[in-house]
Amino acid sequence: MPNTQVRSVKSTEGVNRPQRSQRKIMRRFVLSLLMLLLLGAIVFLLVPSPIEPAKWSVPTAPSLQEPGPWQNNNKLSSAQLVTDAPQSPEFITFDKEGQLYTGDSDGKIYKVTFDAEGNPQKAQVFADTKGTPNGLKFDFYGNLIVTDIQKGLLSINPSGSIEVLADQVDGKPIYLANELDIAKDGSIYFSDTSNYGRVTFSEIAENKPYGRLLKYDPMTKQTTVLLEGLYFANGVALSSEEDYVLVAESYHYQLTRYWLKGPKKGTSDIFASNLAGFPDNITRDEQGRFWVGIFTTRISFVDLMHRNPWLAGTMAKLPESLLSGASAPAKHGLVAEFSPLGELTGSWHDPIGSLYGVTTAVNHNGYLYIGTAPGGSQGVHRVLLAK
């Protein structure tokens with residue numbers, strides 16, 4: 001009997017010994033992995049950031065819940081699809097016959113006609129810039145003037161032939177021609193968004209002004225810089241009297257006004273500040289009101305970075321592919337409406353997010369036409385305006 005017990009103990013020890021060895025190997029592996037991760041984190045933190053972010057005490061974002069002009073509603077939720085041929089219709093304009101024109105990120109510019117009842121017909125390709133056409137506006141002669149972020153300022157005649165009007169200013173490149181408006185005398189005011197030359201998370205994190213407002217004179221064919229030091233210069237719109245021109249500074253949630261006439265001529269001030277999101281394009285309607293597409297509502301993490309340059313610099317070390325989600329548009333459609341004096345008179349929402357990533361809102365013939373950019377919903381939409 002005693003001999004049997006001894007053999008039983010020895011047998012159990014033989015079974016447990018490999019199990020203990022496996023646990024030791026697993027613990028060593030886990031510890032080694034943790035050490036590698038810790039070492040990688042230390043190296044990551046010690047590597048210099050590619051940017052030197054500027055600190056900004058960001059104002060608290062307006063509430064979308066409390067009563068006021070920013071309060072949530074469903075005015076955009078009933079949007080009707082006009083055409084899905086352009087997936088990302090950044091800007092929308094109309095010719096004298098009421099035909100709609102819009103560009104897509106693949107370079108194509110589409111034309112949409114309407115029947116006698118106002119129903120949209122199938123979109124047709126009007127031209128192809130082989131770039132990325134953003135802003136579009138017809139001049140007095142019927143040419144479609146285009147700001148193409150890859151090609152510069154272009155003119156497309158009615159037959160679709162393309163001419164480059166400007167791709168340089170003061171001997172330097174126009175880095176990212178974005179949006180435009182045209183004065184009665186033919187002068188073209190347009191934005192050069194950033195010398196980064198592309199939309200990148202690093203510029204949001206850096207929080208420094210690299211954008212410009214430019215003017216092209218069709219008589220002299222010269223381009224001049226009107227205003228520098230803009231935080232991602234975007235949408236452009238002239239006032240009805242053409243005494244000032246607005247330019248959206250997307251990354252500082254504001255609209256800046258540059259005076260063209262009067263005692264303030266040649267100076268600038270803030271037209272509207274602390275918007276509830278990133279302003280994109282600006283259009284003016286027949287009543288002189290300005291409509292501003294808000295690409296996305298405020299992103300709390302971005303505001304946190306602006307208040308904390310160390311965090312911004314650290315985030316900029318990460319690959320751009322990993323950061324795209326941090327600046328992706330919220331699924332909340334938003335358009336802001338401003339008076340000629342800069343007063344926010346209303347906002348249009350789609351809080352359920354069927355229409356989002358809004359870049360443009362155009363008041364035309366009883367409808368508000370909506371454009372979007374990559375990352376947002378696709379196609380041109382419209383909502384009926386209340387009479």
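**Exercise 1.** Which residue is the bridge partner of Y101 in β4?

*Solution.* A word on the material before we start: this is a predicted model, in which local features need pLDDT of at least 70, side-chain atom pairs count only at pLDDT 80 or more, and totals for chains, interfaces and linings use all residues. Residues are numbered from 1 along each chain as its sequence is written, and side-chain values use heavy atoms, without hydrogens and water.

Step 1: find the strands (DSSP runs of E with at least two residues, numbered from the N terminus). Strand β3 spans residues 100-103 and strand β4 residues 108-112.

Step 2: look at their pairing (DSSP must find at least two bridges between two strands). Here β3 and β4 are joined by four bridges in the antiparallel sense.

Step 3: read off the partner, which is K111.

**Exercise 2.** Place this pair in its sheet and find the edges.

*Solution.* Step 1: the order is β2-β3-β4-β5, an open sheet of four strands with antiparallel pairing.

Step 2: β2 (92-94) and β5 (124-128) each have a single partner strand, so one side of each lacks a neighbour in the sheet.

Step 3: on average, neighbouring strands are turned by 30 degrees against each other, direction ignored; the axes are lines fitted to C-alpha atoms, with angles from 0 to 180 degrees between N-to-C directions.

**Exercise 3.** Now try the sheet that contains β12.

*Solution.* Step 1: four strands in the order β12-β13-β14-β15 make an open, antiparallel sheet.

Step 2: its edges are β12 (177-182) and β15 (222-230), because each has a single partner strand.

Step 3: the average turn between neighbouring strands is 20 degrees, direction ignored.

Step 4: β12 runs antiparallel to β13 (residues 188-192), with four bridges between them; in β13, D192 is the bridge partner of A177.
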